[in-house]
Amino acid sequence: MSKEITSRATDYSQWYNDLVIKGSLADYSAVKGCMVIKPYGYALWENMRDALDKMFKDTGHVNAYFPLLIPKSFLSKEAAHVEGFAKECAVVTHYRLKNDPDGNGIIVDPDAKLEEELIIRPTSETIIWNTYKDWIQSYRDLPLLINQWANIVRWEMRTRLFLRTTEFLWQEGHTAHATREEAIEEARKMLDVYSTFVEEFMAVPVIRGIKTETERFAGAEDTYCIEAMMQDGKALQAGTSHFLGQNFAKAFDVKFLSKDNQMEFVWATSWGVTTRLIGALVMVHSDDQGLVLPPKIAPIQVVIIPVYKGDDQKKEIDTKAKEIMAALKELGIRVKYDDNDNARPGWKYAEYELKGVPVRMALGARDLEKNVVEVARRDTKEKKVVSLDGINDFIVTMLASIQEELFNKARSFRDDHITPAEDWEEFEKLLDEKGGFIAAHWDGTAETEASIKDKTKATIRCIPLDNKQETGKCILTGKPSVQRVLFARAY
RNA sequence: CGGGAAGUAGCGCAGUCCGGUAGCGUACCUGGUUUGGGACCAGGUGGUCGCAGGUUCGAAUCCUGUCUUCCCGACCA
């Protein structure tokens with residue numbers, strides 16, 4: 001773990017990698033650009049997934065599963081879409097291996113070449129819309145509200161644990177609607193679901209906004225997003241929801257017969273969040289002692305560590321600890337009792353801090369005598385000796401308080417890192433010295449946006465929804481502008 | 001795909017300049033003492049030094065090629 005977080009990218013990268021690896025979330029794998037998600041990291045993902053899945057279902061969506069392999073021709077049906085993804089696709093060309101006649105192990109059988117190559121999905125719009133064509137005939141079939149939990153492969157130039165891996169896990173929702181308005185409403189609704197989840201479960205504050213044309217999803221008419229701020233002052237896109245217009249309906253010929261007997265193209269949305277969210281979680285809350293996980297999604301919410309001398313003491317502590325554990329489990333709290341005799345208490349303290357477990361209870365012979373327990377919270381590292389009478393309520397309250405304070409702390413940090421800039425000099429200075437979001441006027445053109453990116457590496461993260469309208473002058477060109485947009489350097 | 005750094009025991013590293021028995025820390029195993037913030041003592045297991053060629057009596061070390069990883073850039077959820 002690095003000594004302190006600095007704005008220097010290499011130190012922060014090292015800090016981040018250490019957190020992920022030493023916190024037992026993931027590891028590098030033998031496959032280029034791919035990671036192994038370890039059981040602890042996967043348990044975290046499962047908690048996030050389950051909470052999101054419930055929210056999807058509460059908003060009327062159902063789950064389905066579509067193929068991993070997509071015929072190459074499907075991908076080329078929507079022009080902007082193929083343009084956006086063509087450069088990063090893994091392609092399956094053969095279906096068989098054989099022993100090398102020259103004795104060099106195993107080779108691809110040249111006789112087993114596929115007539116049409118298959119693409120490992122970089123996203124599923126094409127295969128899904130090809131399927132929806134057969135599922136939709138009448139307005140009575142709409143809306144179609146389907147989500148899929150899946151894995152995706154995108155052959156990125158450069159990868160980073162959780163933030164950008166070659167293969168990643170995600171959910172992708174794909175919906176079809178009878179009207180433009182309904183589809184836009186759906187895209188906005190799912191953005192709200194995402195921001196609610198990320199803020200309430202992950203305790204990560206986000207800004208809801210809309211992307212500029214340049215940053216828009218390949219094939220979308222509008223891309224809504226949630227943007228989060230990391231501790232090094234760089235922004236991270238945490239989730240997107242796209243209004244796809246009729247682009248995919250037209251590309252895949254998905255029409256329905258309306259109430260007044262007219263053939264019409266359907267209106268579409270798609271929306272997704274990925275294992276990148278775990279990267280955001282790590283970068284927003286963690287400190288130099290390791291991960292800090294919000295209670296609502298932490299795989300282990302409370303760890304109980306026995307402190308004892310000899311078997312007699314251990315037996316007594318065991319009994320009490322198991323009693324406490326059972327009572328907490330009864331309340332739906334995820335508790336682990338670590339009575340592993342090989343590791344000493346101090347080692348365990350450090351280990352669970354590294355893993356970000358929100359609450360630690362240390363129970364020793366001394367405590368039993370006085371009917372108390374030492375409770376330590378991960379976020380503030382505060383330790384308290386608490387009576388065992390009423391311990392359940394105490395823990396429930398503490399977990400809720402940690403969840404809330406993590407969010408408040410991250411929100412203050414984020415708010416302190418939204419800075420207005422009035423001229424170019426200030427803009428550059430803020431980017432270099434402070435980082436964070438910079439609220440500045442922009443003339444609305446893609447050229448200016450590109451030019452700013454070129455000069456500073458900063459991009460327009462989003463135009464916040466419900467943005468205040470005010471007249472001003474573009475930070476670069478001085479041309480008139482009606483609102484400020486948020487710039488930042490981003491992951 | 002460009003620029004930098006690195007690949008030696010499960011993990012972290014030294015040794016490479018100047019070729020000559022494969023090292024250190026940690027983890028692991030055995031026994032013992034320990035246990036309120038990453039314990040200690042003693043003994044032990046574990047490595048074709050990324051891979052392939054070459055030079056040499058002899059290569060972790062020199063040369064050539066190649067693969068992989070990390071960091072920075074371009075690309076991106």
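Begin with the whole of chain A: for its 491 residues a compact globule would have a radius of gyration near 23 Å, and the 26 Å of chain A agrees with this, where the radius is taken over C-alpha atoms and the globule rule is 2.2 Å times the number of residues to the power 0.38. This is a predicted model, in which local features need pLDDT of at least 70 and side-chain atom pairs count only at pLDDT 80 or more, while totals for chains, interfaces and linings use all residues. Residues are numbered from 1 along each chain as its sequence is written, and chains are lettered from A and ligands numbered from 1 in the order in which they are written.

With chain A still selected, colour by secondary structure to find 14 helices and 26 strands, which are DSSP runs numbered from the N terminus (helices H or I, at least four residues; strands E, at least two). Along the principal axes, the C-alpha atoms fill a box of roughly 80 × 70 × 60 Å.

Next, select residues 276-285, which form helix 8; 10 of its 10 residues are buried, so the helix is largely enclosed by the rest of the structure. Here a residue is buried if 20 or more other C-beta atoms, placed from the backbone, lie within 10 Å of its own. Among the buried residues of helix 8 are Arg276, Met283 and His285, and across chain A buried residues make up 40% of the 491.

Move on to strands 4, 8 and 5, an open sheet with the order 4-8-5 and antiparallel pairing. Strand 4 (69-71) and strand 5 (91-94) stand at the edges with a single partner strand each, so one side of each is left without a neighbour in the sheet. Strands count as paired if DSSP finds at least two bridges between them, and 3 bridges join strand 4 to strand 8 (residues 113-120); to see the register, pick Leu69, which stands opposite Ile120 in strand 8.

Then select strand 24 (residues 459-464), which is joined to strand 11 (residues 207-210) by 2 antiparallel bridges, with Gly209 partnered by Pro464. Strand 24 also pairs in the antiparallel sense with strand 26 (residues 480-488) over 3 bridges, and there Ile460 has Phe487 as its bridge partner.

Finish at RNA strand B, which 43 residues surround, the closest being Lys32, Met157, Arg158, Gly346 and Gly364; a residue is near the strand if its C-beta atom, placed from the backbone, lies within 6 Å of it. Helix 10 (345-354) is one of the elements that each supply at least two residues of this surface, and the largest share, 8 residues, comes from helix 10.

Notes
Buried ≥ 20, exposed ≤ 12 C-beta atoms within 10 Å, placed from the backbone.
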